[in-house]
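Visitor: I am new to this structure and would love a close look at one part of it. Could you take me to the place where the chains come together, and then show me what surrounds it?

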Number of protein chains: 2
Amino acid sequence: MRATLMYEAGDVRVEDVPDSVVKEPTDALVRITASCICGSDLWPYASMPSADGPVRMGHEFIGIVEETGSAVTTVKRGDLVVAPFAISDNTCAFCREDLHTSCENAQGGFWDGIPEEGGQAEAVRVPLADGTLVKLPVAADSALVPSLLTLSDVFGTGHHAAVAGGVGEHTRVTVIGDGAVGLLAVLSARLLGAEQIILMGRHQARTDLGRDFGATDVVSARGEEGIETVRDLTGGHGTHVVLECVGAMPAYEQALGIVRPGGVISRVGVPQYEEAPIGFGSLFRHNIRLAGGPAPTRAYIEELMPAILDGSIDPGRVFDATTGLDGVPAGYQDMADRKSLKVLVKP
Amino acid sequence: MRATLMYEAGDVRVEDVPDSVVKEPTDALVRITASCICGSDLWPYASMPSADGPVRMGHEFIGIVEETGSAVTTVKRGDLVVAPFAISDNTCAFCREDLHTSCENAQGGFWDGIPEEGGQAEAVRVPLADGTLVKLPVAADSALVPSLLTLSDVFGTGHHAAVAGGVGEHTRVTVIGDGAVGLLAVLSARLLGAEQIILMGRHQARTDLGRDFGATDVVSARGEEGIETVRDLTGGHGTHVVLECVGAMPAYEQALGIVRPGGVISRVGVPQYEEAPIGFGSLFRHNIRLAGGPAPTRAYIEELMPAILDGSIDPGRVFDATTGLDGVPAGYQDMADRKSLKVLVKP
């Protein structure tokens, strides 16, 4: 079968690899019908040393179950399913607390911890299939597929930012980042009733989509100028909630500048730093809280799916390009160049 | 009048200073009947350079109102009052959100921002008296005074740790630090219904008091050994809530080691660091949250006072020594040497 491998920064290839097969009784083999490239894939695409490669890529997909292990009971051959970006048994203590990304039985939990498997491929072996996979009530060629595919990562991740930040009615929110996650954090903040949603981003096609998703204000300035602009929009105090959907240190510093005393910075962009300011002068003095982490998107699929199925929301609009597997390397480069917001892959 | 000044680390003196007087219409002049030395006073006592001194000390007191400015309406001459460690108008947007430590109109808010005033003295000018002071329904010689004095800082601060950490029924809590704040965080966690309260401290007289306040377990080991012990006590996962009542980096690192995935580290010890680990390997991977800051003790006084007045709790047990003003310098040294837990001062 064909699959995507990253050899090092800037070097992504689609190659023939051994067919994925069911290995454990809890596995399912899924023939992938829709996959995509993630903003988080761009971090290794920018910096991965060749010593760490080649690695299989992709952690968001929809596909048709082709075979199941003997212990699998919730999905069967022929089902169309979506997989969250983290594997989970959906039964352990952490999963029962809706923290599927810390599942006790998922051996790390992320696709990059599953050797020789990935979502940017023709097929994939899914461990813990009963917990991980969710059956979709549509056909593989449904026009809803792009929106349903966002449940695997970017929509659930944006939603997690908003939920972890405690967004509710009367909340003023700033979203940092106009990538797919940031735009879907805007959508989630709107669904949760936020009163004001300020989107910080400088790519107009993206911020226009952000306005469609519910942004009430767009701030294209960054750094000190961006901070001042947000303060001007909020009576000088900043917003109760800042959804940090980038992961770079300047985004965190920007969040510190615009969060209101007593407010919360909710991070879902994978931090590209380990140490950061959290002392008296940054978080502590004004009781600023810090929240977020890898989104337990599995916990949100059932909650978010009905609004997609009934057409009231269309998170799939974050996909602005579609390619086959052979176009995946160019898709990485287009996303890195910000020519594409998010690339849908049809293997 | 007599007041306490710190000249530099290790050099605290009680000297004659100009009498405090009412200056603003919103001021009250309070004759202090009970004050104390704070664990946070020990940070400058350990490290303050002489160039920063002399500074007036003390931010916790009970006293009798002697004079009020023309705009003061809620307290009057002769009232016994308690002052929180932060000044506030109790009416601004932040105060209405119970975040009195970020009061918009308090010009910084802490006593060290009020020139020539302090609580370790015979008298003090209290700005924003209507917002700051709370009348006490007892006499100045009441046996309840030590417990009521804890409402000014240490009890409210311990309570804030527990509230900001989201302690409730069925919560497992670890408290790091056996100082007065840590012990009163234990008491607050008990009042909020915590299921398990692990107190980390190595001074037995203090941890014994912690058991009286509600600690279910005491762990005297620190660092990796302490972390392992807490994990053993909690089925391997650590506790949902860690109340970090010290402020030193090793305490924060210990908190990282014992907080459960999805849990919260609530800090009320003033951080003696600015940068700290918060990236993928520390907070982010398992959705660990960070909360806390200077406690808005003003917000908690009415809530916590009834249980003191009816005798059901006795937070004043954290005072294990009493002195006059002349004994304050020795009191600092005794607290620095951990001979005294907390020194009550009767000017």
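**Where the two copies meet**

Guide: Happily! All of the interface residues of chain B, 100% of them, are also interface residues in chain A, so the two copies meet through the same surface. Please keep in mind as we go that this is a predicted model.

Let us begin with how the copies are arranged. Chain B can be superposed on chain A by a rotation of 180° with 0.0 Å of shift along the axis, and the RMSD is 0.0 Å. This is the relation of a two-fold axis. If you would like a landmark for that axis, look for B:Leu290: among the residues of chain B, its C-alpha comes closest to the rotation axis, at 2.5 Å.

Now for the close look. Please find A:Asn287, which sits in the loop between helix H10 (280–284) and strand E15 (289–292) of chain A. A:Asn287 is buried, with a relative accessible area of 6%. What does its side chain reach in chain B? One polar contact, of 2.7 Å, joins the side chain of A:Asn287 to the side chain of B:His160. The side chain of A:Asn287 also reaches the backbone oxygen of B:Pro294, at 2.9 Å. Setting aside neighbours within four places in sequence, A:Asn287 is in contact with A:Gly262 and A:Gly263 of its own chain, and with B:Leu99, B:Thr101, B:His160, B:Gly292, B:Gly293 and B:Pro294 across in chain B.

Let us follow B:His160 into its own chain. B:His160 is one of the buried residues of helix H5 of chain B, which also include B:Val154, B:Phe155 and B:His159. In this helix, residues 154–164, nine of the eleven residues are buried, so H5(B) is largely enclosed by the rest of the structure. What does it pack against? The buried residues of H5(B) pack against helix H6 (180–191), strand E12 (239–244), strand E13 (259–267), strand E15 (289–292) and helix H11 (301–309) of chain B. After H5(B) comes B:Gly166, whose phi is positive, near 75°.

Stepping back to chain A, we can see how a whole chain is divided. Domain 1 of chain A covers 2–153 + 297–345, and domain 2 covers 155–292. The contact between them takes 19 residues from domain 1 of chain A and 23 residues from domain 2 of chain A. Their C-alpha centres lie 26 Å apart.

Back in chain B, another buried residue is worth a visit. B:Val82, in strand E6 (residues 80–83) of chain B, counts as buried at 0% relative accessibility. Beyond residues up to four places away in sequence, B:Val82 touches several others, including B:Phe61, B:Ile62, B:Val134, B:Leu148 and B:Ile301.

Our last stop is a sheet in chain B. Three strands form an open sheet in the order E2-E1-E4 (chain B), with antiparallel pairing. Strands E2 (11–16) and E4 (55–56) of chain B stand at the edges, each with a single partner strand, so one side of each is left without a neighbour in the sheet. Strand E1 (residues 2–8) of chain B pairs with E2(B) over six bridges, and there you can find B:Met6 opposite B:Val12 in E2(B). Lying across E1 and E2 of chain B is helix H12 (residues 328–336) of chain B, which runs at about 160° to E2(B).

How values were computed
Residues numbered from 1 in each chain as written. Chains lettered and ligands numbered in written order. Predicted model: local features only at pLDDT ≥ 70, side-chain atom pairs only at ≥ 80, totals over all residues. Heavy atoms only, no water. Pairing = 2+ DSSP bridges. Helix = DSSP H or I, 4+ residues; strand = E, 2+ residues; numbered from the N terminus. Contact = heavy atoms within 4.5 Å. Axes fitted to C-alpha atoms, helices over the stretch in contact; angles between N-to-C directions. Buried < 20%, exposed > 50% of the residue type's maximum accessible area, 1.4 Å probe, protein only. Polar contact = N/O pair within 3.5 Å; in protein donor to acceptor, adjacent residues only side chain to side chain. Least-squares fit on C-alpha atoms with pLDDT ≥ 70 in both. Domains from an automatic or database assignment.
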